[in-house]
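Work through the exercises below with the model open. Each task is followed by a stepwise solution.

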Amino acid sequence: MGDIGRLNPTGASQATARGDNLPYSGVQASHKMAETDLPRMNQYKSIITTAARQFNQDPAVVAGIISRESRAGAGLSSAGTGDYGHAFGLMQIDNRWHTPRGGPYSLDHLMQATEILSDMHRLIRGKFPNWNADQVLQGALAAYNIGQQRVDSWQNIDAHTTHGDYSNDVIARAQFYRQRGY
């Protein structure tokens with residue numbers, strides 16, 4: 001499955017950090033944004049753990065995605081959507097590609113999104129058979145954001161992701177959450 005503890009992410013880009021008016025970027029910015037989200041994230045810890053275990057994923061990674069995608073719910077509309085109504089729930093499932101299940105804050109939603117992440121692991125492992133498990137994990141995170149077809153190399157893993165930092169930011173946030181018991 002890969003281990004976030006063995007990866008050395010670059011963290012959030014300036015564009016991502018600007019969302020919180022942070023005057024700095026990198027891992028420090030990712031950790032600060034994850035810390036801001038922690039009180040809200042803790043509300044979902046049990047369902048995060050349940051969904052992660054069901055699909056053999058790291059709960060800290062699921063929390064990292066939730067922090068990046070919806071700021072643990074703070075970035076969602078009253079209908080539980082984001083991305084101009086195209087993305088649904090804590091993990092922002094795109095309704096142009098998937099039919100969302102459950103409520104935006106529900107276990108059903110987290111199960112569906114974590115299954116999508118698990119599918120991205122399988123697809124990236126098949127696409128890059130020479131990558132080690134940690135590289136596959138990071139590739140799966142980039143693919144969660146942009147689809148496996150747009151992940152084209154290890155050197156440019158985030159080249160096509162939102163703000164050019166998605167997997168690196170999620171991994172840094174996940175490392176923060178792991179240190180807090182996720």
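A salt bridge here is a side-chain nitrogen of Lys or Arg within 4 Å of a carboxyl oxygen of Asp or Glu. The model is predicted.

**Exercise 1.** Find the residues linked in a network of salt bridges, then examine the pair Asp20 and Arg71.

Solution.
1. The network links Asp20, Asp37, Arg40, Arg68, Arg71, Asp165, Asp169 and Arg173.
2. Take Asp20 and Arg71: their closest N and O atoms are 2.6 Å apart.
3. Place them. Asp20 sits in the loop between H1 and H2, and Arg71 in the loop between H4 and strand S1 (81-82), so the pair ties together parts 51 residues apart in sequence.
4. Check accessibility. Asp20 is partly exposed at 24%; Arg71 is buried at 17%.

**Exercise 2.** Are Asp169 and Arg173 buried or exposed?

Solution.
1. Their side chains form a salt bridge, 3.0 Å from N to O.
2. Both lie in helix H7, 4 residues apart, about one helical turn.
3. Apply the cut-off: buried means under 20% relative accessible area.
4. Asp169 has 0% and Arg173 has 1%. Both are buried.

**Exercise 3.** Locate the kink in helix H2 and describe its surroundings.

Solution.
1. The kink lies at Glu35, shortly before Pro39, and is about 30 degrees.
2. Glu35 also forms a salt bridge with Lys32, at 3.9 Å between the closest N and O atoms.
3. Glu35 is partly exposed at 42%, and Lys32 is partly exposed at 35%.
4. Buried residues of H2 include Met33, Ala34 and Asp37. Their helix's buried residues are covered by elements including H1, helix H3 (45-54), H4 and H7.

Terms used: Residues numbered from 1 in each chain as written. Predicted model: local features only at pLDDT ≥ 70, side-chain atom pairs only at ≥ 80, totals over all residues. Heavy atoms only, no water. Bend = angle between axes of the 7 residues up to and from the residue. Helix = DSSP H or I, 4+ residues; strand = E, 2+ residues; numbered from the N terminus. Buried < 20%, exposed > 50% of the residue type's maximum accessible area, 1.4 Å probe, protein only. Contact = heavy atoms within 4.5 Å.
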